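Please read this briefing with the sequence and the three-dimensional structure at hand. Each topic may be checked against the display as it is read.

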Amino acid sequence: MPKANPRHPKFPIPGGPELRAKGWRQEALLRLLENVLSVGEDPDNLVVYAALGKAARNWAAHRGIVKALIEMEEDQTLLIQSGKPIGLVKTHAKAPLVIMANCNIVGQWAKAEVFYELQRKGLICWGGLTAGAWQYIGSQGVIQGTYEIFMRIAERRFGGDLHGRFVLTAGLGGMGGAQPLAGRMAGAAILCIDIDPERARKRQQIGYLQEIAPDLDSALAMIDAAVREKRALSVGLVGNAAEIYPEIARRGILPDVVTDQTSAHDLVYGYVPKGMSVDQVKGLRDDGQGQLMAASRASIVEHVTAMLEFQKRGAEVFDNGNLIRTQAREGGVANAFDIPIFTEAYLRPLFARAIGPFRWMALSGEESDIARIDDLLLEMFPDNKIITNWIRLAREHIPFEGLPARIAWLGHGERTALARRVNELVANGEINGPVAFSRDHLDAGAMAHPNIMTERMKDGSDAIADWPLLDAMMLCSSMADLVVVHSGGGGYAGYMTSCGVTVVADGSEAADERLDHALTNDTALGVMRYADAGYDEALDEVAKKDVPYIRLG
Ligand code: NAD
């Protein structure tokens, strides 16, 4: 039985033992599509997160996808082009059930303005990273990444944790909403600015944000008290970051850590310029696009100038993957890239070993399935400190949204071992229903994004998009259930290409084979990508884990 969804009553949370489709693999993908809407930011408009990341092109396309998933046989493959189903072809039972190409615009045309025009004509939609691939699991999807960033900073600069430290950030949307909880888990007093009161309330309702301050003075007083008492605390404040960051700097207050996760990548559908309300912005999207883009960019210039000022005074400042430095540089901030990107600054040694944001969803809808897999992780990886620490914290702090899910940064071999063991538990009934395994697109072999994931690669291969394309073709030949190639839409047009994958553990022998091939090859390619770029960690992984990398010369 589906469960009621108090946040979005029209979009119940899927679950239960009854199948509507002709098999669990098809049913699983249908439930994942339902799930991304049940936890999405604006499901009435099919928007899941990141301003414009959509689950399907439009409602007619959505209905077509649902019908196809319900009616299709296991030896068919559903083709999806930018969120619209375009055909159901005969393949074979080991082929993917769904393959997608979303928002891939030819190079010279891949610009935000061209995307908006194609979108207006109904010809394209942006799938975000995980929205269009039906893999989004709410704010939990990035929380471990955000937590690991905070912990790397804590280890390098603050003696191991962030107790007694002030973190300033903005953006309480689908992904940015993970920041207050990740900050609190790292021990910080974290202040999160968002222009939209509704978003702040939402994060508080679902347990990711503790307090909402009525004004800046009260917010700073709450943070100051928590810092003095070395007490972890998350505080939200409704306001515009382009006004509040400079005001905090003007008052001579210096946060210890500063970042931002507004949707700065999109000057029309994401960022809200200074002096405008969310409704005013909505009113300008169709007819005042040029005006809106100019106003957003001007505000981002002020926003990033304040971030650079905090950096100059000694704060740890980083870009958290929203293209804010790129927008500021285009607006004339020549030194915007003095701010480092989080991937290169903190997480690259993990990615070089293909350790990244792996996740799974309990399709039964039962939280106890996730608890059982948590126990399994602790049994299987007792010496992996990242995992044992994370599972302990996640169990204590992370509320479930939608289908119960868990994220854990596992690497090559580990993902496969866990998934195959879970498949056994599904088969012997220790888990109530099948489990879908997936990962963020921001993963070792899966993404080319020269201003985010692949910035300043050791060999200069930042902009080469062959890797995610190879990954997708390889995953189709490795029996994954769903494979997708996404490129950037809205403000990300022309900036990135990524690959997504989902494999369903339904307890069958066929699933065991699919999990083994797809998950092993996916991380193997991740290791090869970094080995080929000359990273020692990847070369070490090749040697230790027998990764089939062909090293020339
Ligand atoms: P979202 O659109 O759901 O939320 C963005 C939030 O920013 C909204 O709540 C909006 O009200 C707020 N906002 C916009 N302009 C503002 C301003 N001037 N001042 C204060 N608040 C403002 O987006 P999301 O899913 O939370 O993603 C945010 C950004 O992070 C996107 O650019 C996304 O691409 C990026 N992202 C990064 C990672 C990563 O791995 N680091 C992962 C996912 C998303």
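The following notes treat the ligand, a pocket and the strand pairings in turn. The model is a predicted one. In it, 31 residues stand around the ligand, and an open sheet is built from six strands. The second largest pocket has a volume of about 240 Å³.

**The ligand and its surroundings**

- Among the 31 residues around the ligand, those that come nearest are G176, D194, H265, N320 and Y492.
- By class, the shell around the ligand consists of 13 nonpolar, 14 polar and four charged residues.
- M175 approaches the ligand through its backbone: an N or O atom there lies 2.9 Å from an oxygen atom of the ligand.
- N240 uses its side chain instead, where an N or O atom is 2.9 Å from a nitrogen atom of the ligand.
- Y271 has a polar side-chain atom 3.5 Å from a nitrogen atom of the ligand.
- The ligand taken alone exposes 870 Å², of which the protein buries 95%.

**The second largest pocket**

- The volume of the second largest pocket is about 240 Å³.
- This pocket is lined by 15 residues, and P2, P12, P14, R20 and E34 are the closest to its centre.
- Which helix supplies the largest share of the lining of this pocket? Helix 1 does, with four residues.
- Helix 1 spans residues 24–38 and helix 2 spans residues 59–71; each supplies at least two residues of the lining.
- The lining divides into seven nonpolar, two polar and six charged residues.
- As a general point, rolling a probe the size of a water molecule over the atoms shows where empty space is left.

**The open sheet of six strands**

- The strands of this sheet follow the order 8-9-7-6-10-11, and their pairing is parallel.
- Strand 8 (211–213) and strand 11 (316–317) stand at the edges; each has a single partner strand, so one side of each lacks a neighbour in the sheet.
- Strand 8 runs parallel to strand 9 (residues 233–238), and three bridges join the two.
- Within this pairing, A213 stands opposite L237 in strand 9.

**The pairings of strand 3**

- Strand 3 (residues 76–81) and strand 4 (residues 84–90) run antiparallel and are joined by six bridges.
- L79 has G87 in strand 4 as its bridge partner.
- Strand 3 and strand 4 form a hairpin with two residues between the strands, and S82 in this hairpin takes a positive phi near 40°.
- What is the sense of the pairing between strand 3 and strand 5? Strand 3 pairs with strand 5 (residues 98–102) in the parallel sense, over four bridges.
- I80 has M100 in strand 5 as its bridge partner.
- In general, the side chains of a regular strand alternate between the two faces of the sheet.

Methods:
Residues numbered from 1 in each chain as written. Predicted model: local features only at pLDDT ≥ 70, side-chain atom pairs only at ≥ 80, totals over all residues. Heavy atoms only, no water. Near = heavy atom within 4 Å. Polar contact = N/O pair within 3.5 Å; in protein donor to acceptor, adjacent residues only side chain to side chain. Areas by Shrake-Rupley, 256 points an atom, 1.4 Å probe, with all protein chains shown as cover. Nonpolar A, V, L, I, M, F, W, Y, C, P; charged D, E, K, R; others polar. 1 Å grid on protein atoms, 1.4 Å probe; cavity = no way out; pocket = protein on both sides within 12 Å on 5 of 7 lines; lining within 4 Å. Points joined across faces, edges and corners; volume = space filled by probe spheres on them. Pairing = 2+ DSSP bridges.
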